[in-house]
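Colleague: I am new to this structure and would love a close look at a single part of it. Could you pick the place where two helices cross, and then show me how it sits in the rest?

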Amino acid sequence: LPAGCTGVPSELNPPGGVDLQVLSPRAYATFQAVAMRCVGPRAAEAIQARRIDPARAADAWVARLPALAGPLVQALWVLEWGVAPLVAKWRPFTALDGSGQDRVLEDLMRSRLDVKRDLFKGLKSLAMLAFYADPASRALVAHPGAFDAAGIAAAMTYALGD
């Protein structure tokens with residue numbers, strides 16, 4: 001029976017020439033899959049098209065924060081390889097389709113076990129942070145970013161005329 005252990009979909013693999021510092025290629029792919037499920041369909045398209053790369057950003061951040069690197073790698077390992085009853089699946093996370101990944105993440109989010117909810121909260125928080133920290137994400141949310149105060153101020157001025 002196919003177990004889904006042969007590899008990950010090509011759109012989840014790191015692009016050629018990327019030098020990962022902390023994450024393995026499999027952990028990179030798992031993080032990309034989590035990010036794609038957390039940020040919504042339009043944002044997931046940007047990740048799939050490689051306009052935004054949250055796994056690469058997360059890898060760079062945890063390389064500077066060794067205390068976070070170990071727990072992140074472990075969390076990604078549990079999500080990818082864990083099986084029921086710990087994680088609500090039998091196949092690797094990256095081998096599941098989108099709805100299957102959503103079911104796994106929802107099970108983590110709604111679990112009565114603190115450790116499963118913490119796994120979800122940690123991965124989702126870092127995925128969202130890594131995605132929305134990329135300037136390319138601003139176009140998806142129609143927000144100019146924190147450093148465009150002059151543009152915001154100009155848009156808020158109006159003539160106090162007659």
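**A crossing of two helices**

Modeller: Happy to! Let us begin with helix H1 (residues 25-38) and helix H4 (residues 66-81), whose axes come within 9 Å and cross at roughly 75°. An angle from 65 to 115 degrees counts as roughly perpendicular, so H1 is roughly perpendicular to H4. Please keep in mind that this is a predicted model.

Now for the residues that meet there. From H1 come Arg26, Ala27, Thr30, Phe31 and Val34, and from H4 come Leu72, Leu76, Leu79, Glu80 and Trp81. Sorted by character, the residues of this contact are 7 nonpolar, 1 polar and 2 charged. The charged ones are Arg26 in H1 and Glu80 in H4, while Thr30 in H1 is the polar one.

With that crossing in view, you can step back to the whole protein. It has 8 helices and 0 strands, and reading along the sequence gives the pattern α-α-α-α-α-α-α-α. The protein has 162 residues, and 37% of them count as buried. Its accessible surface comes to about 9,500 Å², with 60% of that belonging to carbon and sulfur atoms. As for contacts in the protein with a separation of 6 or more, 60% are between residues 24 or more positions apart.

A good next stop is glutamine 101, which you will find in helix H5 (residues 98-110). Its relative accessible area is 6%, and buried means under 20%, so glutamine 101 counts as buried. Leaving aside residues up to four places away in sequence, glutamine 101 touches Ala33, Arg37, Phe93, Thr94 and Leu96. Two of these partners, Ala33 and Arg37, bring you back to H1, since that helix covers residues 25-38.

Finally, let us look at the aromatic rings. A pair of such rings is described by the distance of the centres and the angle of the planes. Searching the whole structure turns up 1 aromatic pair. It is made by phenylalanine 131 and tyrosine 132, with 4.7 Å from centre to centre and 85° between the planes. Planes over 60 degrees apart count as edge-to-face, so this pair of phenylalanine 131 and tyrosine 132 is edge-to-face. The two partners also have their own levels of exposure: phenylalanine 131 is buried, at 0% relative accessibility, whereas tyrosine 132 is partly exposed, with a relative accessible area of 35%.

Terms used. Residues are numbered from 1 along each chain as its sequence is written. This is a predicted model: local features need pLDDT of at least 70, side-chain atom pairs count only at pLDDT 80 or more; totals for chains, interfaces and linings use all residues. Side-chain values use heavy atoms; hydrogens and water are left out. Axes are lines fitted to C-alpha atoms, for helices over the stretch in contact, and angles run from 0 to 180 degrees between N-to-C directions. Helices (H or I, at least four residues) and strands (E, at least two) are DSSP runs, numbered from the N terminus. Angles under 35 degrees count as roughly parallel, over 145 as roughly antiparallel, 65 to 115 as roughly perpendicular and the rest as oblique. Contact means heavy atoms within 4.5 Å. Buried means under 20% relative accessible area, exposed over 50%, partly exposed in between (1.4 Å probe, protein chains only). Accessible areas come from the Shrake-Rupley method with a 1.4 Å probe; for residues, only the protein chains shown count as cover. Rings of Phe, Tyr and Trp (its six-membered ring) pair if their centres lie within 6.5 Å; planes under 30 degrees apart count as stacked, over 60 as edge-to-face and the rest as tilted.
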